[in-house]
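Q: Please take a close look at the charged side chains of this model. Which of them pair up, and where do they sit?

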Amino acid sequence: MLKRAISLYIIFGVSLAVLMGRIVYLNNSEYSVASENNTVRTLTVGEKRATIYDRNYVKLTNSKSKLVAVVTPAAGAIPHIKKYMSEKELEEKIKAGFPFTLEVNERINNELIRTFEVPERYSYPQPAIHIIGYTDSDGKTGVSGLERAYNSFLNDNSGTLTVSFQADAKGRILPGMDKTINDDNYSSDAGIVLTVDSKIQNITQRALKNSKIESGCAIVMHVDTGEIFALASVPDYDPDNVALSLNKENSPFINKAFQSYCVGSVFKPLVVAAALENGKSVNTQYECTGEITVGDTVFSCYNRQSHGKVDMTGALEQSCNTYFINLIMNMDVELLLSLCESIGLGKSDEIYNGCFTSSGAIPKSEQLRIKGELANLAFGQGRLMMTPVQMLKMYHVLATGNYIPTKLIRGFTDYKGIITTQKEELPVKILSDSTVTALREMLSSVVEKGNADKACSRLVSLAGKTGTAQSGIHKNGKEICRTWFAGFFPSHNPHYIVVVMSEEGESGNIDCAPVFKEICEEICTVH
């Protein structure tokens, strides 16, 4: 009897030990971990890609937001959210017992509902869309613009906002338990800081939108730094619905400011600059009869109009082609080509990381030995091609005498919003002070007395030049003209350079000068 009792006791002890060992094993195994994980249910409220700012830290992306409510599935939540869902959907959500998010148009905060402000990546019209670009549908892969060029940086500095609930093994939340809000880099201020000024950007976009330019661009640069304060291209597109613009005319996804075009008479002031540096005087005169023969080719002024005897200022005011053909024939063209090279004409500009403009084109020295080629260059035709960015740099040289690269990125901010700035470029002297003084005077006279009267303002002194260039492209039996206005203001103490271009226009004065004037006048009201 005693032996049997001892045997049963031993068997019971061994069984108990095995059972305890199994319990310990389960508590330390993946099954235990899985069980613990099943007690927490996490809901994503919002994801935020790193922000792109203007120069004053105004948000260009993530600037608008929506309200997202996190709802605890309980009967008490129904009165607050029933207008946002059908009765059937609401019943199913409550019955399932799982927390859910809901976009709402008002803040609702109680023990069952918590509302969060979640930023939306884009707005429409999106400021500086052709600079910023857009992402694909998942919001994590940049397709164009800064979104593509700095995709890794923007993703690495993205964040997520989640809410965690205590739940049973089936994932249904436990009543009475507190929510936990998790900020995984969601509040970070990290991002890219542009040179763009959002106020001037909006002015520039609005001026283009209000104009007759259907396809073109406008750019504003600050004189002191070479920083681009605004860059707008039309037509634009909705970054949240790019499919809508895929088949639209005039290539809305192309940034017109980075493409190269024929330029026409807007180039003439650089010919003047080269002539003045070459020892020519502003008083140099020429008798314009409306046309001039070079070799076996006859070149004429617009509508073969005769301007009579004109000096350099008068030739610019009337945009006299024959004057400039005669001028270029009697000067050292190598100095003009040297000026072009100093400005970077014929070379691509890297605007930001991996984003290059078209290179444009300038004729080579040996090509200009052909008199017809040289005559064409005198008034900006022939082989000459320029981007609006190159035109911006050229007029900066004309207005200041200095060359400075254009700049679009000021720097980058960390999660605390502390900026690391880009290296500043120092200006390089290109033209003499006397040449600059003469150019300011002449280009001011073009606006006030010449054929750029639609750029004339009563509010601020403006200086600049029109351009209407034949493109060699015909549409409906008519040749398309690229039209321009480029200039600066105030005319005798420039602060800003402004370039406006239309891909298909009537004339620089009709299409582009009014846009130039509106931009300049509006900038004066905000700065």
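A: The salt bridges come first, then a charged surface patch and a covered helix.

This is a predicted model, in which local features need pLDDT of at least 70, side-chain atom pairs count only at pLDDT 80 or more, and totals for chains, interfaces and linings use all residues. Residues are numbered from 1 along each chain as its sequence is written, and side-chain values use heavy atoms, with hydrogens and water left out.

The structure holds 15 salt bridges (a side-chain nitrogen of Lys or Arg within 4 Å of a carboxyl oxygen of Asp or Glu). One of them pairs Glu-117 with Arg-107, with 2.6 Å between the closest N and O atoms. Glu-117 belongs to strand β5 (residues 113-120) and Arg-107 to the loop between β4 (100-104) and β5, so the pair ties together parts 10 residues apart in sequence. Helices (H or I, at least four residues) and strands (E, at least two) are DSSP runs, numbered from the N terminus. Glu-117 counts as partly exposed, at 45% relative accessibility; buried means under 20% relative accessible area, exposed over 50%, and partly exposed in between (1.4 Å probe, protein chains only).

Lys-212 forms a salt bridge with Glu-506, the closest N and O atoms being 3.7 Å apart. This pair links distant parts of the chain, 294 residues apart: Glu-506 is in the loop between β23 (496-505) and α16 (508-526), and Lys-212 is in the loop between α8 (198-209) and β9 (216-222). Lys-212 is partly exposed, with a relative accessible area of 49%. Lys-212 also forms a salt bridge with Asp-511, where the closest N and O atoms are 4.0 Å apart. Here the partners are 299 residues apart, with Asp-511 in helix α16. Asp-511 counts as buried, at 4% relative accessibility. Elsewhere, salt bridges that share partners join Arg-49, Arg-121 and Glu-147 into one network.

Glu-87, Glu-89, Glu-91 and Glu-92 form a negative surface patch. Patches are made of residues with over 30% relative accessible area and no salt bridge, with like charges joined within 9 Å and nonpolar side chains (Val, Leu, Ile, Met, Phe, Trp, Tyr) within 5 Å. Glu-87 lies in helix α4 (residues 87-96) and counts as exposed, at 62% relative accessibility.

Helix α13 (residues 371-378) is mostly covered, with 6 of its 8 residues buried. Glu-373 is among the buried ones. The cover of the buried residues includes α9 (268-277), β12 (291-294), β13 (297-300), α11 (321-329) and α12 (333-343), where contact means heavy atoms within 4.5 Å.

Technical notes. Areas by Shrake-Rupley, 256 points an atom, 1.4 Å probe, with all protein chains shown as cover. Lys, Arg positive; Asp, Glu negative; His and termini not counted. Charge placed at Lys NZ, Arg CZ, Asp CG, Glu CD.
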